[in-house]
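Colleague: Before we discuss this model in detail, could you put the sequence and the structure up, so that I can ask about them point by point?

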Amino acid sequence: MQKRPAAGVLGSLPMSPVEATSESDTPGSDSAGSDFSGPDKPAHRYGVALAGEIEARWQQRWETEGTFHTPNPTGSLSGGFERFEGRPKAFVMDMFPYPSGAGLHVGHPLGYIATDVYARFKRMTGFNVLHTMGYDAYGLPAEQHAVATGQHPRINTESNVATMRRQLRRLGLGHDSRRSVSTTDRDFLEFTQRVFLKIFNAWFDPQATNRLGGLGAARHIDELRAQFIDRSRPTPDGRAWTELSVAEQRTLIDSFRLVYIDDVAVNWCPGLGTIVANEEVTADGRSDRGNYPVFKRSMRQWLMRITAYSDRLVSDLDLVDWPEPVRLMQRNWIGQSYGARVSFQVADSPARLEVFTTRPDTLFGATFMVLSPEHEMVSALTTSDKRADVLSYQAAAAGRTAIDRQSETKQKTGVFTGSYATNPVNGQQIPVFIADYVLMGYGTGAIMAVPSGDQRDFEFARMYDLPIVATILPPDVWFGEQGIESTLDCSKWKRAYSGDGVAVQSENESLSLNGLDKAAAVSAMTRWLEANDCGRGTVQTKLRDWLFSRQRYWGEPFPIVYDEHGPIALPDAMLPVDLPETDQFTPHTFDAEDASSEPQRPLDRLTEWKNPTIDLGNGPRAYIRETNVMPQWAGSCSYYLRYIDPTHVEGLTISENSDYWMGSTGVDLYVGGVEHAVLHLLYSRFWHKVLFDLGEVNTPEPFGKLLNQGYIQAYAFTDGRGMYVEATEVIERNGAFFHADEPVHREFGKIGKGLKNMVSPDDMYDAYGADTLRVYEMSMGPLEQSKPWDTRAVSGSMRLLQRIWRVVIDELTGEVRVTSDTPSADDQRTLHRTIAAVREALQDLRVNTPIARITELTNHLTSTYPGGAPREIAEPLVLMVAPFAPHLAEELWSRLGHAESLTYEPFPNVNSAYLVVDTIDVPVQVAGKVRAVLSVPVGCDAATLEALALADEKVKPFLEGKQVKKVIVIPGKMVNIVV
Ligand code: ANZ
């Protein structure tokens with residue numbers, strides 16, 4: 001056989017079965033030997049060839065019989081539902097994968113196998129189980145591949161999907177294939193556009209009572225129009241609705257929609273030729289895909305009003321059974337800060353400047369103001385002598401990333417606008433600056449600078465020689481740390497004090513904060529601001545509205561056209577809006593550093609598609625199509641609903657079906673990587689909540705229970721430049737590692753293309769079969785933990801399956817060899833303890849422990865019954881193995897004489913009579929030393945204990961040639977033989 005260069009060195013590499021076993025197999029009671037294939041083995045031993053044959057056969061049979069076809073209560077997939085009527089349901093989902101060109105690695109199936117084990121267990125315990133898999137197939141990598149190869153992304157995407165489908169089918173996953181979707185499928189695209197239109201045709205009414213009894217809910221946009229028409233809601237300038245022009249009416253309505261167009265500061269990435277969401281920008285200000293620089297720019301974009309849901313997205317985290325770290329990440333991402341908005345009168349002008357502050361208690365210390373360079377009032381505030389400075393500063397700031405601008409170590413810069421504003425609490429005229437450390441995207445894009453309390457303001461004040469006034473008295477220790485005397489004279493301070501403390505120097509005629517602690521001072525100041533009409537308490541969220549347009553080709557087109565007044569939603573009957581065919585899908589990319597470049601959308605080039613003539617009810621006329629496409633996240637927001645009704649053509653789902661599958665808490669189990677803790681889950685929750693408000697779904701949350709599987713890790717190697725090299729090409733010499741004769745550094749990391757340490761499941765199928773891979777991955781440890789891949793350990797899982805096989809099948813003849821013997825009480829006890837443990841563990845998704853218990857039961861049977869175990873024990877063993885190694889179990893089950901697949905066979909039940917502990921261990925001492933332990937029935941009497949002790953084989957040698965003087969028996973406790 002072909003030897004791979006580093007096999008045997010690297011725990012992470014695929015090896016042939018013979019290599020795999022020759023090193024780690026130990027001879028022992030497992031007399032069947034160590035070889036999984038090869039010429040000398042018994043003809044009917046379970047090995048890779050037999051596994052391959054069995055697996056292919058059962059996969060075919062499952063497919064032909066539609067074994068995993070799950071019926072809906074109603075609609076086109078309802079055939080066979082009677083069988084499940086009245087039974088509970090279980091909706092078990094994986095986060096669907098992006099069909100990457102590299103196919104699957106052994107890390108991917110970890111979660112897929114776990115959900116499959118769980119789903120199979122649920123079927124065997126009486127549930128109607130919805131379990132399928134889809135593909136999140138739009139997105140940048142396919143497009144970048146298309147750019148690199150000149151091949152249309154659809155071709156590449158579809159071939160990747162086909163590869164993944166094949167790899168997953170080979171794993172024996174019990175998916176309902178009729179429900180498998182790809183986000184690029186025409187009918188799925190239509191579904192996504194339908195959901196989009198539901199959101200587009202809705203607005204958020206903060207006054208409406210939502211279905212959970214709280215404030216704020218989405219409503220149909222027609223209800224808003226009706227309010228304007230009947231005047232229950234005034235128009236902005238008080239005119240009657242009919243007095244507004246059509247353009248004014250449309251603009252007004254559009255400004256309320258949950259999907260809207262606005263000029264926004266965006267992350268423009270010239271290197272990708274598109275803008276990217278904040279979430280797609282790395283900590284060092286680059287695109288997470290492609291690693292190009294990202295610049296802040298203002299552009300007209302589509303946005304989704306996710307911020308309207310900030311409160312509910314936070315509070316409803318209490319409704320779900322999710323890992324606490326994920327809930328925390330969502331809360332932090334939404335980032336609600338409690339504070340106040342304070343308004344400052346601009347000197348010699350009617351204008352006011354509003355700031356957001358978390359520390360209104362420090363207002364007496366606000367000695368200047370700072371606006372973001374992009375702030376809309378900068379131009380109006382800039383005096384003519386300062387204009388040149390301001391303009392050049394603005395240009396420089398535009399070229400800097402948000403991260404760079406906020407860097408704590410960077411020296412603060414800024415310029416004076418020439419204008420002053422009035423501090424409302426003390427009437428002082430304070431200068432207004434612009435500086436890039438204030439960002440447009442947060443609060444109001446303007447701050448009141450309190451240099452004594454905020455380090456950035458402190459540095460700025462020192463630099464520009466601005467007054468610093470203490471309003472909080474720092475504790476002595478703080479002064480001690482700086483090596484200075486306690487003083488309110490801030491010229492002596494080395495830094496700002498941002499901690500808690502008692503307010504000082506904070507008094508005017510109608511307000512005194514002096515002596516108050518922070519919380520009391522904040523609320524006293526907020527009350528004063530509200531009473532004096534110059535501010536109000538507010539919650540500021542970090543979360544921004546979701547930037548929803550991408551200047552790409554490979555995404556969902558918007559179901560939107562424009563006339564002279566703005567955007568118009570296409571009616572459902574005109575869906576889907578297909579992505580037009582073209583060979584010009586290449587986006588215009590620019591010099592990665594050219595911040596001044598303008599995006600050019602690929603769809604803009606398709607003039608015929610872009611300028612359709614359609615009849616929207618007023619006769620055929622020309623429109624212009626929206627040429628942005630939706631972001632990658634769109635397809636994954638609602639796909640669980642499409643799983644429910646994959647063939648449905650009107651609306652989203654038949655509500656009877658979605659009510660049935662979503663139940664009261666949503667998807668029953670959702671398993672995926674923790675990397676989706678924020679974005680996908682947040683966007684998906686947001687869409688779901690809109691649909692909930694609109695009555696399209698009836699659960700407030702989409703995913704009731706969430707679980708993050710750990711990563712599978714493996715060795716990876718970097719060369720002298722720190723670049724990863726292909727792990728399979730690395731060889732070991734004398735404990736050092738080399739790639740192409742160059743020394744490389746070994747590390748340990750997440751398996752995958754990135755670290756070039758892929759282990760493909762295909763290699764595992766070829767070497768061991770799918771059942772072995774399944775059992776191995778489940779036995780590696782708790783699902784949530786990350787764990788190291790070790791190809792050599794895979795053979796241990798194969799040997800377990802081999803032994804299970806031997807419990808039922810004679811390896812020499814291939815005959816079934818179970819007996820009709822009555823199992824012993826010991827057998828029954830072992831069996832029922834196993835069942836109890838396996839059931840309990842699977843209930844809680846502890847997928848690794850059942851394998852240990854099944855191994856114990858198997859070992860018990862092979863050692864007690866070398867010639868064949870009683871059927872009464874063997875059959876439940878096979879059923880318990882089924883969720884883990886379904887092909888092997890099906891094969892044994894059918895050889896045991898069952899015509900039907902075991903998929904819906906009841907999972908073995910516990911007979912609790914056998915769980916009662918009815919034997920106890922009694923130690924036997926000879927001359928004060930324990931020489932044996934008797935296993936006796938509870939209540940065994942003294943005479944029996946004495947007789948058993950004296951006759952025990954382990955005790956006898958110690959009595960030889962000696963006189964037994966006395967035997968002391970304490971029933972249930974001990975036997976003491978005095979010699
Ligand atoms: C006065 C003040 C005094 C502040 C003090 C802090 C300490 P979080 O907690 O993140 O919400 N800020 C407000 N808008 C900003 C913007 N667009 N760009 C940069 N900084 C901004 O931070 C809120 C605080 O960050 C606000 O409270 C404001 O400074 C600043 F002793 O106001 B503070």
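Colleague: In which loop is the place of aspartate 465?

Modeller: I should say at the outset that this is a predicted model. Most residues other than glycine have a negative phi. Aspartate 465, although not a glycine, has a positive phi of about 60 degrees. As for its place, aspartate 465 is in the loop between α14 (455-464) and β14 (472-473).

Colleague: Which residue does a cis peptide bond join to leucine 575?

Modeller: Most peptide bonds are trans. At leucine 575 the bond is cis, with omega about -5 degrees. The partner is found in the loop between β21 (566-569) and α17 (607-610), and that partner is proline 576.

Colleague: Turning to the ligand, what is the distance between an oxygen atom of the ligand and an N or O atom in the side chain of tyrosine 442?

Modeller: Of the 18 residues around the ligand, Ser337, Thr357, Thr358, Leu439 and Tyr442 come nearest. Threonine 357 places a polar side-chain atom 2.7 Å from a ligand oxygen, while leucine 439 has a backbone N or O atom 2.7 Å from a ligand nitrogen. For the side chain of tyrosine 442, the N or O atom and an oxygen atom of the ligand are separated by 2.5 Å.

Colleague: What percentage of the ligand's accessible area does the protein cover?

Modeller: On its own, the ligand has 650 Å² of accessible area, and the part of this that the protein covers is 86%.
The elements that give two or more residues to the surrounding shell are β9 (352-357) and β13 (446-449). By class, that shell has eight nonpolar, six polar and four charged residues. To return to the value you asked for, the cover is 86%.

Colleague: Which element gives the most residues to the lining of the largest cavity?

Modeller: The structure holds three cavities of 30 Å³ or more, and about 50 Å³ of space lies in the largest. The lining of that cavity is made up of Val775, Leu800, Leu801, Ile804, Ile851, Ile854, Val881 and Phe884, which by class gives eight nonpolar, no polar and no charged residues. Two elements, α24 (791-808) and α26 (849-864), give two or more residues to this lining. The element that gives the most, with three residues, is α24.

Colleague: How many charged residues are in the lining of the second largest cavity?

Modeller: The second largest cavity has a volume of about 40 Å³, and Arg120, Met124, Ala882, Leu902 and Thr903 line it. By class, this lining has three nonpolar residues and one polar residue, and the number of charged residues is one.

Colleague: How many residues apart are phenylalanine 91 and tryptophan 661, which form a pair?

Modeller: The structure holds 49 aromatic pairs. Phenylalanine 91 and tryptophan 661 form one that is edge-to-face, at 6.4 Å centre to centre and with 70 degrees between the planes. Phenylalanine 91 belongs to strand β1 (residues 89-94) and tryptophan 661 to helix α20 (residues 655-662), so that the pair links distant parts of the chain. Along the chain, the separation of these two is 570 residues.

Notes
Residues numbered from 1 in each chain as written. Predicted model: local features only at pLDDT ≥ 70, side-chain atom pairs only at ≥ 80, totals over all residues. Heavy atoms only, no water. Near = heavy atom within 4 Å. Polar contact = N/O pair within 3.5 Å; in protein donor to acceptor, adjacent residues only side chain to side chain. Areas by Shrake-Rupley, 256 points an atom, 1.4 Å probe, with all protein chains shown as cover. Helix = DSSP H or I, 4+ residues; strand = E, 2+ residues; numbered from the N terminus. Nonpolar A, V, L, I, M, F, W, Y, C, P; charged D, E, K, R; others polar. 1 Å grid on protein atoms, 1.4 Å probe; cavity = no way out; pocket = protein on both sides within 12 Å on 5 of 7 lines; lining within 4 Å. Points joined across faces, edges and corners; volume = space filled by probe spheres on them. Phe/Tyr/Trp six-rings, centres within 6.5 Å; stacked < 30°, edge-to-face > 60°.
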